[in-house]
Amino acid sequence: MGLEAATKALLDAGITYDEIETAFAGYCYGDSTAGQRALYNLGLTYIPIVNVNNNCSTGSAALTQANNAVKYGQVECALALGFERMKPGSLGTNFPDRPSPTVLIGQRSFELEEEFGENHGPGAPRMFDNGAKEYFRKYGGGVDHLAMIASKNHKHSVNNPYSQFRDGWSVEQVKAAPKITAQLTKFMCSPTSDGAAACVVASEDFVHKHKLENQAIEIIASHLTTDGVGTFEGRSPMDVVGYSMAKTCADKVFKDAGFGPGEGRDQVGVVELHDCFAANELITYPALGLCKEDEACKFVERGDNTYGGKYVVNPSGGLEAKGHPLGATGLGMHFYIMMQLRGWAGPMQAPGLFDTPDPRGKYGLVHNVGLGGAVVVSLLRRPDFYKPGGPDGRTRLGYNHACECKPVTLTDVDKVKSKKASSYVLQHAKL
C-alpha cells in the first residue's frame with residue numbers, strides 16, 4: 001500500500017524518487033523501519049527516512065516533519081508517506097505486557113463519568129461520547145445531532161471512490177444501528193481500515209523548476225500541538241479528547257496566516273476534520289472557530305456543514321465512512337483538500353471556492369487528532385503564482401486520481417523509481 005501511494009504521489013508531481021531528499025513514514029501498527037521497507041521499492045538512495053508514530057494524527061505528524069524540512073531550508077523536496085493495516089474490531093494495544101500510554105487519559109475520562117453520566121463500551125468511543133455529553137449538558141442538543149452529522153458524512157461518501165463505505169445511511173438508519181456506547185451507534189463510529197496516502201512537499205523554487213504552477217497548493221500555515229494541563233487536571237471530558245488542544249492549534253494557524261483573534265474562518269470554504277466519531281466532529285466545529293462555542297448544534301441544524309451551507313465539512317465522507325487507517329488518515333485529509341483547491345474533486349467538489357475577489361480563492365482547512373495526544377491543523381490555499389492549464393498530474397496518471405480509484409502497475413513504478421539506485425529484487429510482482 002505504501003508503494004502504491006508513493007508511486008501515485010510521484011506520478012502526480014511528475015518527478016522520480018531521485019528528487020526526494022528526505023522521507024517521513026507514518027504508521028502505528030507495524031514493526032520498526034517499515035517505512036524503509038515500503039520506500040526501498042522505489043530506490044536505495046541513502047536519504048534519511050524517519051518513521052513516525054503519533055496515534056491517529058500520525059499521517060499529519062509525518063507531513064509536519066516533511067513541511068518543516070522544506071520550510072526551514074533543509075531540503076528542496078520531501079515525501080510524507082502513511083500506511084496502515086489494522087485488525088478488526090476496536091483499537092487495542094500491541095504490547096499487552098505493559099501499560100498503554102493512553103491509560104491516564106482513559107482513566108481521567110472515566111472518572112468524570114461520575115459528573116457527566118455513566119457510559120459503557122470500548123475505550124475510544126466511550127471517551128469521545130463523554131465529550132459530547134459534556135457539550136450537550138452545557139449547550140443543549142442530543143443524539144439526533146450526532147445522527148445528522150454521521151448521516152451527512154455517509155451521504156458525502158457516496159461520491160468518493162476511495163471510501164470504505166458508500167452506503168449513504170439516513171439519519172434514521174444511523175440511529176437504528178447497533179449501540180456502541182450510551183449515545184454512539186455503529187454508523188457514528190469510524191471503522192478499522194487498511195490504506196495508504198502520500199504527499200510531496202516542495203519549495204517554491206522546486207515548483208517553478210519543475211513547472212508545477214498549475215497544481216501546487218501552498219501550506220499557508222500548519223501547527224502540531226499536544227495536551228495542556230487541563231487534560232489531566234481540569235474537569236472537562238471535551239478537553240480530555242482534545243478540544244483545547246485543537247482550539248490552541250487552530251488559533252496558532254490562523255495567527256500565522258496573518259489573521260487576528262477569531263478572524264479568517266469566513267475565508268475557509270472546505271474542511272476535512274477528524275470525525276473518528278460523530279461526537280468529535282460536533283465539538284470540533286467550535287474548537288476550530290467554525291461556529292460559536294454554544295452553536296454547534298444550530299450549525300448542524302442549519303446545514304452549515306454540507307453542500308449549500310457555510311462550509312463543506314468532510315466532502316470525502318470523513319473517517320466515519322471513508323475509513324480511518326491511522327497512519328494514512330492525516331495525509332489523506334491533506335490529499336482531499338489539495339484536490340478541492342485544484343478544482344479536481346469531481347462529484348465531491350465544494351462549490352464557490354474560487355468565486356472570490358482574490359484570485360487565490362478560499363482556504364481549505366485540515367484537522368487531525370490523536371489521543372495521547374497530538375493535534376495537527378493546516379490551512380491550505382492556491383499560491384499567488386497558481387496558473388491552471390497544460391499537462392498536470394491527471395495527464396501523467398492517465399485519469400483524474402482525485403475522484404477515480406485505480407491501482408498502480410509495475411509500469412507506473414518504473415516511471416517514478418530511482419534511475420540511479422533501484423532494486424528489482426525488492427519490488428512486489430503481485431502488482
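**Exercise 1. Overall build**

Work out why the radius of gyration of this chain agrees with that of a compact globule.

*Solution.* Start with the length: for 431 residues, a compact globule would have a radius of gyration near 22 Å. Next, take the value for the chain, which is 21 Å, so the two agree. Keep in mind that this is a predicted model. Now add the dimensions: along its principal axes, the C-alpha trace spans about 65 × 55 × 40 Å. Then turn to burial, where 56% of the 431 residues count as buried. Finally, consider the contacts with a separation of 6 or more: 76% of them link residues 24 or more positions apart.

**Exercise 2. Helices, strands and an annotated stretch**

Find how many helices and strands the chain has, and describe residues 239-352.

*Solution.* The count comes to 18 helices and nine strands. As for the stretch, the UniProt record (an unreviewed entry) lists residues 239-352 as "domain: Thiolase C-terminal". Over these residues the chain is 48% helix and 6% strand. The C-alpha atoms at the two ends of the stretch lie 34 Å apart.

**Exercise 3. A four-stranded sheet**

Trace the open sheet of four strands and identify which helices pack on it.

*Solution.* Begin with the strand order, 2-1-3-4, in which the pairing is mixed. Strand 2 (49-52) and strand 4 (195-202) are the edges, since each pairs on one side only. On average, neighbouring strands are turned by 15° against each other, direction ignored.

Now zoom in on one pair. Strand 1 (residues 22-26) runs parallel to strand 2, and four bridges join them. Ala23, for instance, has Ile49 of strand 2 as its bridge partner.

Last come the helices. Helix 3 (residues 58-71) lies across strand 1, strand 2, strand 3 (77-84) and strand 4, and runs at about 170° to strand 3. Helix 16 (residues 326-342) also packs on the sheet, where it touches strand 1, strand 3 and strand 4. The direction of helix 16 makes about 130° with that of strand 3.

**Exercise 4. Nonpolar cores**

Which residues touch the most other members of the largest nonpolar core?

*Solution.* This core has 75 residues, and the ones to pick out are Leu282, Tyr285, Leu290 and Leu365. Follow Leu282 further, leaving aside its neighbours within four places in sequence: its contacts are Tyr135, Phe136, Leu146, Ile149, Ala296, Cys297 and Val300. Apart from this core lies another, made of 28 residues, including Tyr27, Phe83, Tyr399 and Val413.

Technical notes:
Residues numbered from 1 in each chain as written. Predicted model: local features only at pLDDT ≥ 70, side-chain atom pairs only at ≥ 80, totals over all residues. Heavy atoms only, no water. Core = buried A, V, L, I, M, F, W, Y, C linked by side-chain atoms within 4.5 Å. Buried < 20%, exposed > 50% of the residue type's maximum accessible area, 1.4 Å probe, protein only. Contact = heavy atoms within 4.5 Å. Pairing = 2+ DSSP bridges. Axes fitted to C-alpha atoms, helices over the stretch in contact; angles between N-to-C directions. UniProt positions renumbered as here; feature names shortened; annotations may be inferred. Rg over C-alpha atoms; globule rule 2.2 N^0.38 Å.
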